[in-house]
Amino acid sequence: MKLTLGFSPCPNDTFIFDALIHHKIDTKGLDFEVEYQDVETLNLKAFQGDLDVTKLSYHAFAYAVEDYELLDAGSALGFGVGPMLITKDPSLALALQEKLNKGEGLGEHNKLRVGYPGKYTTANFLLGLAFPELTNKIELVFSEIEGALLDGSIDLGLIIHENRFTYAQRGLFKVVDLGEYWETTTKFPIPLGGIVVKRSLSKEVKDTLNKVLKESVEFAFANPKSGLDFIRSHAQEMSEEVMYKHIDLYVNKYSVELGAEGRNAITKMFEKAQDLGFIPRSDRKLFLS
């Protein structure tokens, strides 16, 4: 059976899916037609039900939960892995840090222009938790945000993926690690993105998919250099060192299997977002049963 599959070209995703799509493991009759897209494009495709299986942001999952359910394998959760708010003005970074630490409103800073990677990204959800007054947002492809800061198009940038490894080299400064902010306030790992499957597929297909995806992640851990050429071919001119730093940051035990802690973290995120009115309420079960 052939399934349409979407995931990002980032090293964590190509690392996870390499064995699956290249049949380095037994996929038990499943084959895949793959699309490589940035996460916000994948989010929007999920809203249209365009793909059988897709990576998406946990924030976006709240808007696609009627049609999709979450696989137990393939997720990106963890500690110290969150999106970061940055600026090129060190005095602004210090001022905003002080306001966040004191729980103060932003005052004259509430009109700052923020470059962000998409409305439905988990990064945007976390920014809303920390700085709800920052509403002057400009949507950019995540890889363009550092450049927009440097040329003065924006005042603050919300970065994800490998940019957390490069911003300081470009003379930019951290305001806050939003993953650390989440972890401090909830004591849970931060849920960033997961792999979802269409509810309309048969239980047999969904269970098989979950099993082979888990095996694909386990194969990658056991053979970390097996997919190097594939990972490099989709990475953004990253060195091998940066690629594997990226993988180490986002691929971990929760990528093999969510477990109770991972499921509790996701449930907590949904409950908090619903209570704050950030996402709609739904009676649908989140997880593959």
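Reader: What percentage of the 289 residues of the chain count as buried?
Author: In this predicted model, 57% of the 289 residues count as buried, a label reserved for a relative accessible area under 20%. The accessible surface of the chain comes to about 12,100 Å², and 48% of that surface belongs to carbon and sulfur atoms.

Reader: Why is the chain called as compact as a globular protein of its length?
Author: The chain has 12 helices and 11 strands. Its radius of gyration is 19 Å, and the globule rule gives 19 Å for 289 residues; the two values are close, so the chain is as compact as a globular protein of that length. Taken along the principal axes, the C-alpha atoms fill a box of roughly 60 × 45 × 30 Å. Among contacts in the chain with a separation of 6 or more, 75% are between residues 24 or more positions apart.

Reader: What makes helix α1 largely enclosed by the rest of the structure?
Author: The conclusion rests on a count: 11 of the 11 residues of α1 are buried, so the helix is largely enclosed by the rest of the structure. The buried residues include Pro-11, Phe-15, Phe-17 and Leu-20, and also Asp-13 and Asp-18. Helix α5 (residues 122–130) is likewise mostly covered, with nine of its nine residues buried; among them are Asn-124, Phe-125 and Gly-128.

Reader: Why is Asn-12 called buried?
Author: Asn-12 belongs to helix α1 (residues 11–21). Its relative accessible area is 4%, and the cut-off is under 20%; Asn-12 is therefore buried. Leaving aside residues up to four places away in sequence, Asn-12 touches Lys-55, His-246, Ile-247, Tyr-250 and Val-251.

Reader: What makes the pairing of Asn-12 with the side chain of His-246 a polar contact?
Author: The side chains of Asn-12 and His-246 come to 2.8 Å, and the limit for a pair of N or O atoms is within 3.5 Å. A second polar contact, of 3.4 Å, joins the side chains of Asn-12 and Asp-13. Residues adjacent in sequence count only if both atoms are side-chain atoms, and here the contact joins two side chains.

Reader: How do you know that strands β1 and β2 pair?
Author: Pairing needs at least two bridges, and six join β1 (residues 2–7) to β2 (residues 31–36). The two strands run parallel. One of the bridge partnerships is that of Leu-3 with Phe-32 in β2. Together with α1, these strands make a right-handed β-α-β unit.

Reader: Why is Lys-28 called partly exposed, and Lys-187 exposed?
Author: Lys-28 has a relative accessibility of 37%, which falls between the limits of 20% and 50%; Lys-28 therefore counts as partly exposed. For Lys-187 the relative accessible area is 64%, and the exposed class begins over 50%, so Lys-187 is exposed. Lys-28 lies in the loop between α1 and β2, whereas Lys-187 lies in the loop between α7 (178–186) and β11 (190–198).

Reader: What makes the phi values of Lys-28 and Lys-187 notable?
Author: Most residues other than glycine have a negative phi. Phi of Lys-28, however, is positive, near 55 degrees, and phi of Lys-187 is positive, near 70 degrees. His-23, which follows α1, also has a positive phi, near 55 degrees.

Definitions and conventions:
Residues numbered from 1 in each chain as written. Predicted model: local features only at pLDDT ≥ 70, side-chain atom pairs only at ≥ 80, totals over all residues. Heavy atoms only, no water. Helix = DSSP H or I, 4+ residues; strand = E, 2+ residues; numbered from the N terminus. Buried < 20%, exposed > 50% of the residue type's maximum accessible area, 1.4 Å probe, protein only. Polar contact = N/O pair within 3.5 Å; in protein donor to acceptor, adjacent residues only side chain to side chain. Contact = heavy atoms within 4.5 Å. Right-handed = clockwise from strand over helix to strand, strands pointing away. Rg over C-alpha atoms; globule rule 2.2 N^0.38 Å. Areas by Shrake-Rupley, 256 points an atom, 1.4 Å probe, with all protein chains shown as cover.
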